[in-house]
Amino acid sequence: MNHTENNSSSTQSPLQGVGGLISISQFYGRDSRFVIAGGGNTSYKNAEKIWVKASGSSLATITEDDFAVLDRAKLNLMSEKGYSSNPTEREEEVKNDLADATITKGKRPSVETSMHNVIDYAYVVHLHPTAVNGLMCAHNAETDLIKLFGEKALYVEYTDPGYVLFKKVDDKIKAYRAKFNEEPNVIWLQNHGIFVAANTIDEIKSIYTEILAILDKVAIQLLDVHQEFPPSGGQGASPSDVLPSIRMMLSNESLKTLKVRKNELIKYYSESIENQKDIAKPFTPDAIVYCKSNYIFLNGETSEEILVEATKSIPTFTEKFGYASKVLLIRGIGLVAVGDNAKQ
Ligand SMILES: [Zn+2]
């Protein structure tokens, strides 16, 4: 154990113990390179207890009250326990055991709590940063990861979040300990995100800084996605002709807000039906949570053609999937996000 000292948040400096956890959670929660909307969770543990972000709280504004405290002896039993092979029953049993291990009753700990518990460092910061998922959602994620970060990079193939993912990570950590005789600081999850763990928050920060520096360098070499695409002249669909009507078509119960973005990367997809096949389904759990799993692609050459297409596609989509589309990609216009308000 690397962290057997007995911690009480009141007697320590704000950068240790639970104070450190609050500080590092807010630090990353407020930085959009690391956290967009929600997504991710953090923890601090001593030998007996673990403080982990409760479901529904936001990292940017988190306080001690927003952490669930759990009994680690009870959590440890969950790694070895046999659960039902039926996924629905299993997740229910796991949920009940997590609730039973929770000391702060009424606070629902993150579903990723067991993963936090098995990592033998005091602090764990699990995030879904865009730069990390750029790599973790790539075709050759594992090969490229090893190329960039070396043989010791710990990679976990995609698994739906829940007990099965936890067991997989648990097994990978055990194999890593056996092979390298040390505890991994970083765990990479395909199509999901990353766990960074260390005994101090300064170490966590330096690991994240180094990872982002390496990924940023590669991303810049690949494609300059920051460059805004110049407005197209004359031909093609015009936003002022198309967007007000599309907004009305999407506003069934309440008036929706649309946000439009256009750049080289978006153009690569909006102007080619062939390329759209690559982004027809979500890459990460965050995308499913915030954007859902299906999107509308409108490929008309003119404003008129796009509106005709939208008149059919928007109601058909809502009927088929049971929700109004949150994302549309429109040729000549760009990527359109749909929400009840601008913040959403
Ligand atoms: Zn996650």
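A crossing of two helices is left-handed if the near helix is turned anticlockwise from the far one by less than a right angle, and right-handed if clockwise. This model is predicted, and its local features need pLDDT of at least 70. Residues are numbered from 1 along each chain as its sequence is written.

Q: What is the hand of the crossing of H2 and H3?
A: The crossing of H2 and H3 is right-handed.

Q: Why is H2 called roughly antiparallel to H3?
A: Helix H2 (residues 72–80) and helix H3 (residues 87–101) pack at an angle of about 160°. Angles over 145 degrees count as roughly antiparallel, so H2 is roughly antiparallel to H3. The contact (heavy atoms within 4.5 Å) includes Leu75 and Met78 of H2 and Val94 and Leu98 of H3.

Q: What makes H9 roughly parallel to H13?
A: Helix H9 (residues 239–250) and helix H13 (residues 303–321) pack at about 10°, with their axes 10 Å apart. Angles under 35 degrees count as roughly parallel, and therefore H9 is roughly parallel to H13.

Q: Which residues are the protein donors of the zinc ion?
A: They are Glu112 (OE), His126 (NE2), His128 (NE2) and His192 (NE2), lying 2.0 to 2.5 Å from the ion. Donors are N, O and S atoms within 2.8 Å of the metal (3.2 Å for Na, K and Ca).

Q: Why is the site of the zinc ion called irregular?
A: The angles among its 4 donor atoms are 84 to 165°. Four donors count as tetrahedral if all angles lie between 85 and 135 degrees, and as square planar if opposite donors are over 155 degrees apart and all others between 65 and 115; anything else is irregular. The zinc site is therefore irregular.

Definitions and conventions: This is a predicted model: local features need pLDDT of at least 70, side-chain atom pairs count only at pLDDT 80 or more; totals for chains, interfaces and linings use all residues. Side-chain values use heavy atoms; hydrogens and water are left out. Axes are lines fitted to C-alpha atoms, for helices over the stretch in contact, and angles run from 0 to 180 degrees between N-to-C directions. Helices (H or I, at least four residues) and strands (E, at least two) are DSSP runs, numbered from the N terminus. Angles under 35 degrees count as roughly parallel, over 145 as roughly antiparallel, 65 to 115 as roughly perpendicular and the rest as oblique. Four donors count as tetrahedral if all angles lie between 85 and 135 degrees; four count as square planar and six as octahedral if opposite donors are over 155 degrees apart and all others between 65 and 115; anything else is irregular.
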